[in-house]
Amino acid sequence: MSNRQPPIESLEVEDRVFPPPEQFAARAVATSDLVAAAAADPEGYWAAEASRLEWIEPWQQVLDRSGAPFFKWFTGGRLNASANCLDRHLAERGDRVAFYWEGEPGDAQEITYRDLYERVCRLANGLRELGVGKGDRVAIYLGMVPELPVAMLACARIGAPHTVVFGGFSPNALSERIQDCSCTAVITADEGWRNGKTIPLKANVDAALESCPSVEAAVVVRRTGGEVTWAEGRDHWYHELVERQAPACPPEPMDSEDLLYILYTSGTTGKPKGIVHTTGGYMAGVASTHRQVFDLRDDDVYWCAADCGWVTGHSYIVYGPLANGCTGVLYEGAPGFPGPDRWWRIIERHRVSILYTAPTAIRTFMKWGTDAPAGCDLTSLRLLGSVGEPINPEAWMWYHQHIGGGRCPIVDTWWQTETGTIMISPLPGITSTKPGSATFPLPGVGADIVDEAGTSVGLGQGGYLVLTEPWPAMLRTLYGDDERYLETYWSRFPGLYLAGDGARRDEEGYFWLLGRIDDVMNVSGHRLSTIEIESALVDHPAVAEAAVVGRADAITGQAIAAFVTLVGGVVGDEDLIGELRGHVAKRIGPIARPQSIVLTADLPKTRSGKIMRRLLRDISDDRQLGDVTTLANAEVVREIADMATAARAAGQEE
Ligand code: WTA
């Protein structure tokens, strides 16, 4: 019986459509011919994309399915990721800027491809001097300084897989990751800058290394000049190490399936998962999707405002853009430092043409108001991107209007640390977009939505998002844990990769992401997606951000509990709460009317900016709070918990 009920019901209707502007259609990198060719022969398509890279030895087989789901791509081929990002650009575009870097305090660097090449070679030689060799794992724990991409590429150059740990993580999180893959070296800095304050990176490393016997060397960038303690023999200043090295270093020829990096991502429970990415397929995938989704042209200035500590930074700050020889922007600090116009000044200064960021950033800017972007010249922008969470239609419209000036297409890109590359996204020259929809799978990608039984659902229905075909940049396993890889992604529906996200397809086949499966609520037998109710709340002019969870309810199974932050200047009261509840009922239906709404100054978020609904569920159910140490803004949780208790007591039930 339960098989007949759609796994997730979808009640929201979004009918705004934005066809590609003419100038995109006329000059698009990705055309409908290409889409057709990829559909006819996906492997041939990926082979053609991979042949844009420089291979030391050609591959023998495009895709080896024999060990499924341990797939292999471009087997027998040899290449080096750093050589693909650097060496092959030197002759033609050595003097071209690879990165415009801005430090938070206002210092800046212009780094050409030749500069970057030399810096990478020097550090690669330095790492070798410290005994790091092919196959050794290196942890990188830095802020967004130029040395971060340099360190990643230096590791790639000598065949030492890196694991970048976001600079905001605690010593505990750092040591857990270092231990899991037994790193032999760590690259860090004295301190990092964030919001005008310093982050004690080296002190955190010192604390972490107390429980990491595998680490023999620590390389320390001098960033702030702050004081550090020193372990003689183990610690080395970065500048002293690279100074004595030659600015050239032959790249290590790597097998297509050799490890490029491990990146840890939190699982629903327990220890983080070490996502394993290898070299050939990953590089082919990131270069190809970066070119097509961002419609890359030679004169673009591209800014992906993520941190290299996340997969977005790996794929779309470092490996994809540099493989394409593109000019990028790197910014070290917080978006609001020293004022709310920092980002828009950066765009103005460097004439940025493509901006790629996350819904959480967009909603923060919405909260700050339109004065800051309106006061800057953003006319250089021609394309906007979004990643990391479903983007609420209202945030989409704000981004489109106030940042994109109404003229820039938006690519809402769905993907995961596991997928390595964007999987579902508009192609800006050919796809008509709808605010809030990631639209369609990219060329060469197979995606579907299935019900509990694994059967594809029809148009207009919701279910589980799955990937139906292997793709080049896919994770190969979880580091040291093949079992967990099989169990997490491949056991629910045999032969299908389970993404863990809910999704629906509308009548025209557009994909709409509905959030993590765990976030689905069951209200009076209806399975509702949190994101749709959140979007209905954000649609109200007073609301900046919203999080919705299901609270245990004796009558309806679950009741909808909402947490809302208001846009700057709006004062919240009981009347507004009543209005918001009515607004949701009107947009979606009475079934979706929140039972309680808590107004709060902030929402609990992970360090990568995703709303932590799990914590809000605990608060709503009055359970013991789970672990909050990985939260970006842990202090808000207490405050929200108190308010939720008050809201329940006040009894906002009908
Ligand atoms: C969510 C980030 C809706 C989703 C690249 C996914 C999205 C998880 C989108 C992966 C999007 C990412 N629309 N949801 N455009 N992009 N997500 O590993 O739940 O940090 O499974 O990778 O973020 O997050 P991760």
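User: Happy to start at the ligand. How many nonpolar, polar and charged residues make up the shell around the ligand?

Analyst: Good place to begin, and please keep in mind that this is a predicted model. The ligand has 16 residues around it. Sorted by class, the charged residues in this shell number five and the polar ones five. The nonpolar residues number six.

User: Which residues of the shell come nearest to the ligand?

Analyst: Let's look at the elements before the residues. Helix α12, residues 311–323, supplies at least two residues of the shell, and strand β24 also supplies at least two. Of the 16 residues around the ligand, the nearest are Asp412, Thr413, Thr417, Asp501 and Arg516.

User: Which residue has a backbone N or O atom 2.7 Å from a nitrogen atom of the ligand?

Analyst: Two backbone contacts are worth checking here. Glycine 388 places a backbone N or O atom 3.1 Å from a ligand nitrogen, so that distance does not fit your value. The 2.7 Å distance belongs to a backbone N or O atom of threonine 413.

User: What share of the ligand's accessible area does the protein cover?

Analyst: There is a side-chain contact to mention too: an N or O atom in the side chain of arginine 516 is 2.9 Å from an oxygen atom of the ligand. On its own, the ligand has 530 Å² of accessible area. The protein covers 91% of that area.

User: Which strands form the edges of the open sheet that includes β22 and β23?

Analyst: This sheet has four strands in the order β21-β22-β23-β24, with antiparallel pairing. From one strand to the next, the twist averages 45°. Strands that pair on one side only are the edges, and these are β21 (447–450) and β24 (511–516).

User: Which residue in β23 stands opposite glycine 463?

Analyst: Strand β22 spans residues 462–467 and β23 spans residues 497–505. The two run antiparallel and are joined by five bridges. Opposite glycine 463 stands alanine 503.

User: At about what angle to β24 does helix α18 run?

Analyst: Helix α18 covers residues 530–538. It lies across β23 and β24. Its direction relative to β24 is about 100°.

User: Where is the proline that follows phenylalanine 337 through a cis peptide bond?

Analyst: The bond joining phenylalanine 337 and proline 338 is cis, with omega about -5°. Another cis bond runs from alanine 68 to proline 69, with omega near 5°, and proline 69 sits in the loop between β1 and β2. As for proline 338, look in the loop between β17 (327–331) and α13 (342–350).

Conventions. Residues are numbered from 1 along each chain as its sequence is written. This is a predicted model: local features need pLDDT of at least 70, side-chain atom pairs count only at pLDDT 80 or more; totals for chains, interfaces and linings use all residues. Side-chain values use heavy atoms; hydrogens and water are left out. Two strands pair if DSSP finds at least two bridges between them. Axes are lines fitted to C-alpha atoms, for helices over the stretch in contact, and angles run from 0 to 180 degrees between N-to-C directions. Contact means heavy atoms within 4.5 Å. A residue is near a molecule or strand if one of its heavy atoms lies within 4 Å of it. A polar contact is a pair of N or O atoms within 3.5 Å; within protein, one must be able to donate a hydrogen and the other to accept it, and residues adjacent in sequence count only if both atoms are side-chain atoms. Accessible areas come from the Shrake-Rupley method with a 1.4 Å probe; for residues, only the protein chains shown count as cover. Ala, Val, Leu, Ile, Met, Phe, Trp, Tyr, Cys and Pro count as nonpolar, Asp, Glu, Lys and Arg as charged, and the others, Gly among them, as polar.
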